[in-house]
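Trainee: I should like to request a close look at a single part of this structure. Please treat the helix that matters most to your account in detail, together with its surroundings.

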Amino acid sequence: MKVSKKATPKPVAPSSKNWGKANDALSDELNPIRAQWLKAKNFIYSTTPDFENSIKESINAVESCLMVLLKEPNGTLGRIIKQASLDSDIERLISQAYGCA
């Protein structure tokens, strides 16, 4: 019996249109965080990168994520980061970036 060997097709990177469909399907409590992260990404990848606003949106996304994960809807990053039990280096980096924002 002869077994035919078909070449495995190379994976194709998803288009931004496909990512949009995936994000639309993932509608949940993390949806606002996804929007903030996308906004930060758009600031950095625009024709004229806006680093300041990208940092601000990134920090907002981290803050929102911690608020959801720690069930602190009215928390602030400065307060809830202490509850997060993060690695000390990660906590320091987030705190430094928060100071820049």
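Mentor: The following account takes helix α3 as its subject and moves from the overall fold to the helix, its partners and the loop after it.

The model is predicted, and every value below is computed from it. The protein comprises five helices and zero strands, so that reading from the N terminus gives the order α-α-α-α-α. Of its 101 residues, 18% are buried.

Helix α3 covers residues 51-69, which amounts to 19 residues. From its first C-alpha to its last the helix reaches 27 Å, close to the 27 Å expected at 1.5 Å a residue. The buried positions of α3 are Ser 54, Glu 57, Ser 58, Ile 59, Ala 61, Glu 63, Ser 64, Leu 66 and Met 67. This list includes Ser and Glu residues as well as Ile, Ala, Leu and Met.

Among the residues of α3 that are partly exposed are Lys 56, with a relative accessible area of 29%, and Ile 55, with 37%. Both values fall between the 20% limit for buried and the 50% limit for exposed residues. Ile 55 has its place in helix α3, and its C-alpha atom is separated by 8.9 Å from that of Ile 44, a residue eleven positions away along the chain.

Lys 56 also takes part in a salt bridge, its partner being Glu 52, with 3.3 Å between the closest N and O atoms. The two residues are four apart in helix α3, and therefore about one helical turn separates them. An α-helix has 3.6 residues a turn, so residues three or four places apart point the same way. The structure holds four salt bridges, and another of them offers a parallel case in helix α5 (residues 88-100). There, Asp 89 and Arg 92 are three residues apart, again about one helical turn, and their side chains meet with an N to O distance of 3.6 Å. Asp 89 is partly exposed at 43% relative accessibility, and Arg 92 is likewise partly exposed at 41%.

The packing of α3 may be considered next, beginning with helix α2. Helix α2 (residues 31-45) packs with α3 at an angle of about 165°, and the two axes are 8 Å apart. Because of this angle, α2 is roughly antiparallel to α3; the cut-off for that description is an angle over 145 degrees. The crossing in which α2 passes α3 is left-handed.

Helix α3 also contributes to the largest nonpolar core, whose eight residues are Ile 59, Leu 66, Met 67, Leu 77, Ile 80, Ile 81, Ala 84 and Ile 94. At least two residues of this core come from each of α3 and α4 (77-80), and α3 gives the most, with three residues. In soluble globular proteins, nonpolar side chains tend to be buried together. On the α4 side, Leu 77 is buried, its relative accessible area being 2%. The C-alpha atoms of Leu 77 and Ser 64 are 8.4 Å apart, although 13 residues separate them along the chain. Ser 64 is itself one of the buried residues of α3.

What phi does Lys 71 take just after α3? Lys 71 has a positive phi of about 55° although it is not a glycine. Most residues other than glycine have a negative phi. Lys 71 lies in the loop between α3 and α4 and is exposed, with a relative accessible area of 69%.

A further salt bridge joins Glu 72 to Arg 79, whose side chains meet at 3.5 Å, N to O. Glu 72 is partly exposed at 23% relative accessibility, while Arg 79 is partly exposed with a relative accessible area of 44%.

In summary, helix α3 packs with α2 at about 165°, supplies three residues to the largest nonpolar core, and contains the salt bridge between Glu 52 and Lys 56. Just after the helix comes Lys 71 with its positive phi.

Conventions. Residues are numbered from 1 along each chain as its sequence is written. This is a predicted model: local features need pLDDT of at least 70, side-chain atom pairs count only at pLDDT 80 or more; totals for chains, interfaces and linings use all residues. Side-chain values use heavy atoms; hydrogens and water are left out. The expected span of a helix is 1.5 Å times one less than its number of residues. Buried means under 20% relative accessible area, exposed over 50%, partly exposed in between (1.4 Å probe, protein chains only). A nonpolar core is a set of buried Ala, Val, Leu, Ile, Met, Phe, Trp, Tyr and Cys residues joined through side-chain atoms within 4.5 Å. Axes are lines fitted to C-alpha atoms, for helices over the stretch in contact, and angles run from 0 to 180 degrees between N-to-C directions. Angles under 35 degrees count as roughly parallel, over 145 as roughly antiparallel, 65 to 115 as roughly perpendicular and the rest as oblique. A crossing is left-handed if the near helix is turned anticlockwise from the far one by less than a right angle, and right-handed if clockwise.
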